[in-house]
Amino acid sequence: MRIDVVSIFPAFFEALEVSLLGRARGAGILDIRVHDLRDSTHDRHRTVDDTPYGGGAGMVMKPEPWAEALQTIATDAEAPPGGGQHPIFIFPSPAGEVFTQATAGELAEAPHLVFGCGRYEGIDERVFDYAAELGSVRLISLGDYVLNGGEVAAMAMIEAIGRLVPGVVGNPASLVEESHEDGLLEYPSYTKPAAWRGRDVPPVLLSGNHGAIAAWRREQQIERTRARRPDLLGE
């Protein structure tokens, strides 16, 4: 999978060099490229924003630097012999659809994702229309709150998506029983020692009875989901 990121703060994404995603990049499983939006400007101040039409507080990101950056990425993606794949352009936005585990699974099957990280009061709306001429466009929100920019949201989505790409996680079975994979929160986990500071591991986990353990874990998933996220159960 290829992932491109466009941001005015490319240093945000240095964290992608570590842990599982860093190893996946080194192994060639993930091809992650980070671009500085200011490299697509042509004035001495490297300006990427301007005042909004209609008035209002804050600044809006100008369309031309974005158009140039996205066009360069899309053109490069078409360069391989036989033609490349049209990318999916993802813009983190509080005005977008909500990101879920199902979204992560869907996007993990795409060959090329491009994340456009907005700042200030957002990106000129025409950029999304332009990007739709180069590929498909999705505005995606992490939740009902506002961040200073799209970088943190993009990082979260890249990790959630990237770990689902085959070969990134060493033990694929560990992905099956995670929170939200079956619409429920994950059951509690324990390790050695069996007794710790007056707190014991539930006896069923020490029983060796795999059927009883599976039933206990399912029960814990339902109870935890009902207590913490009843909306997932429709309650």
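A residue counts as buried when its relative accessible area is under 20%. Keep that cut-off in mind as we walk through the aromatic side chains of this predicted model.

A pair of aromatic rings is described by the distance of the centres and the angle of the planes. Rings pair here if their centres lie within 6.5 Å, and by this rule the count comes to three aromatic pairs. Let's begin with W66 and F91, whose centres lie 6.2 Å apart with 70° between the planes. That angle is over 60 degrees, so the pair is classed as edge-to-face. The two partners come from distant parts of the chain, 25 residues apart: W66 sits in helix α2 (residues 63–77), while F91 belongs to strand β5 (residues 88–98).

How accessible are these two? W66 has a relative accessible area of 0% and is therefore buried. F91, at 2%, is buried as well.

From F91 we can step on to another partner, F128. F91 and F128 also make an edge-to-face pair, with 4.8 Å from centre to centre and 65° between the planes. Because F91 lies in strand β5 and F128 in helix α4 (residues 126–131), this contact ties together parts that are 37 residues apart in sequence. And what of F128 itself, is it buried or exposed? Its relative accessible area is 12%, so F128 is buried under the cut-off we started with.

Put the pieces together, and W66, F91 and F128 form one aromatic cluster.

Conventions:
Residues numbered from 1 in each chain as written. Predicted model: local features only at pLDDT ≥ 70, side-chain atom pairs only at ≥ 80, totals over all residues. Heavy atoms only, no water. Phe/Tyr/Trp six-rings, centres within 6.5 Å; stacked < 30°, edge-to-face > 60°. Helix = DSSP H or I, 4+ residues; strand = E, 2+ residues; numbered from the N terminus. Buried < 20%, exposed > 50% of the residue type's maximum accessible area, 1.4 Å probe, protein only.
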